[in-house]
Amino acid sequence: MQLISPEKIFRGRNIWSKAIPEIKQISQRPLLLGRSLSTKNLRHKIYSDLQENNFDVHHAILEFDCCYEDLNRIKQIILQNNCDSIVAAGGGKVLDAGKYIGNSLSIPVITVPLSASTCAGWTALSNIYSKTGQFLNDIELKSCPKILVFDHEFIEKAPKRTLASGIADALAKWYESSLTSSKVNDGLVQQAIQISRVLRDQLLIYGESAYMSQSNQNSSWCNVIEACSLTAGLIGGIGGEKCRTAAAHAFHNSLTQIVSNKKPLHGEIVGVGILLQLRLEEMRNNNKLANQSITQLLVLMRKLNLPTKISELGIDVFEKNNLEKIADFTCRDESEIHYLPFKVKKEDIISTITKFEKQEIRI
Ligand SMILES: [Zn+2]
């Protein structure tokens, strides 16, 4: 079975108020879930709007990442208050937590992304982390969210850094799926890969002006935030499990095993992961175009203030046994690295990362 998209999608300026009557049809006692201080005002608005519309609304805050400690605690709050839906309002970790909890309690999930940092508002997947932010595993859910509310007015208030992070995460769709699925003889998967190519082109063309404008009056900005949060999710939905993540996300997952004081965002790590994947392709798969892709990406990433080295994520790979640890996690049996069309061993990861971190980047 393929889970392609949320059942209902509201997108555009001031769309939240139009979504409220739809939420009313499926819920009386929602739990509003959020996390960061930067979204407090918006969550307050969502909470009072729901109250004014006669919902018996409760609220809860994620204390850490999307981790089992938080998930179990919030499940209890839902059960104690007899909540009949979960409204997850925030970034990827909040959306993933909301979807996971809704899925396990079989109550409808309403996702309200408050940044364009990931496509988590769309998908039927949740990434689970430890309390300290180490990636543990991803879980396939029974369904996509019931309702997705993508209000441009909300997204406009998010820090610019989240948009840059979302652009890097969405760019990975092309670099990963075109590599893992290039030999798949399935029309729908091929179409999904083509959408990811158009998505990449749009991000390369409009990414910088979107990042600079941060305004819902700017068409580049509107297109880019929807590309990162909606189209990226659609590609995963149409492409299904064959349109997989690959090395860029495998590097993300392994880099989160090292605790960084900089607390990099998901897409910031994935962006570095794309560059590492391309270096790996060059080295192990003799890909002559990889260097050109790296140069093209670096131009955009610099303009978006995105990290382009592991050290810029606040991780020193040459310290302690970090490199070993990263290489071990990247190559563990269940890692996405094994979806690559060529074999990758631990030594390949060590030499790719060592060269990558030591090289001088000129663009
Ligand atoms: Zn991602």
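**A guided tour of helix H12 and its neighbours**

The protein has 363 residues, for which a compact globule would have a radius of gyration (taken over C-alpha atoms) near 21 Å by the rule of 2.2 Å times the number of residues to the power 0.38; its own value of 20 Å agrees with this. This is a predicted model, in which local features need pLDDT of at least 70 and side-chain atom pairs count only at pLDDT 80 or more, while totals for chains, interfaces and linings use all residues. Residues are numbered from 1 along each chain as its sequence is written.

Begin with the whole protein, which contains 13 helices and eight strands; these are DSSP runs (helices H or I, at least four residues; strands E, at least two), numbered from the N terminus.

Next, select helix H12, residues 322-330. Which of its residues are buried? They are Ile-326, Ala-327, Phe-329 and Thr-330, where buried means that 20 or more other C-beta atoms, placed from the backbone, lie within 10 Å of the residue's own. These residues cover an arc of only 165 degrees around the axis, which puts them on the same side of H12; the arc is that of the directions from the helix axis to the C-beta atoms.

Now add helix H9 (247-255) and helix H13 (346-358), against which the buried residues of H12 pack.

Finally, keep H9 and H12 in view. Their axes, lines fitted to C-alpha atoms over the stretch in contact, come within 8 Å and cross at roughly 130 degrees. On the side of H9, the contact (C-beta atoms within 7 Å) includes Ala-250 and Phe-251; on that of H12, Ile-326, Phe-329 and Thr-330.

Technical notes
A residue is buried if 20 or more other C-beta atoms lie within 10 Å of its own, exposed if 12 or fewer, and partly exposed in between; C-beta atoms are placed from the backbone. Two residues are in contact if their C-beta atoms, placed from the backbone, lie within 7 Å. Axes are lines fitted to C-alpha atoms, for helices over the stretch in contact, and angles run from 0 to 180 degrees between N-to-C directions.
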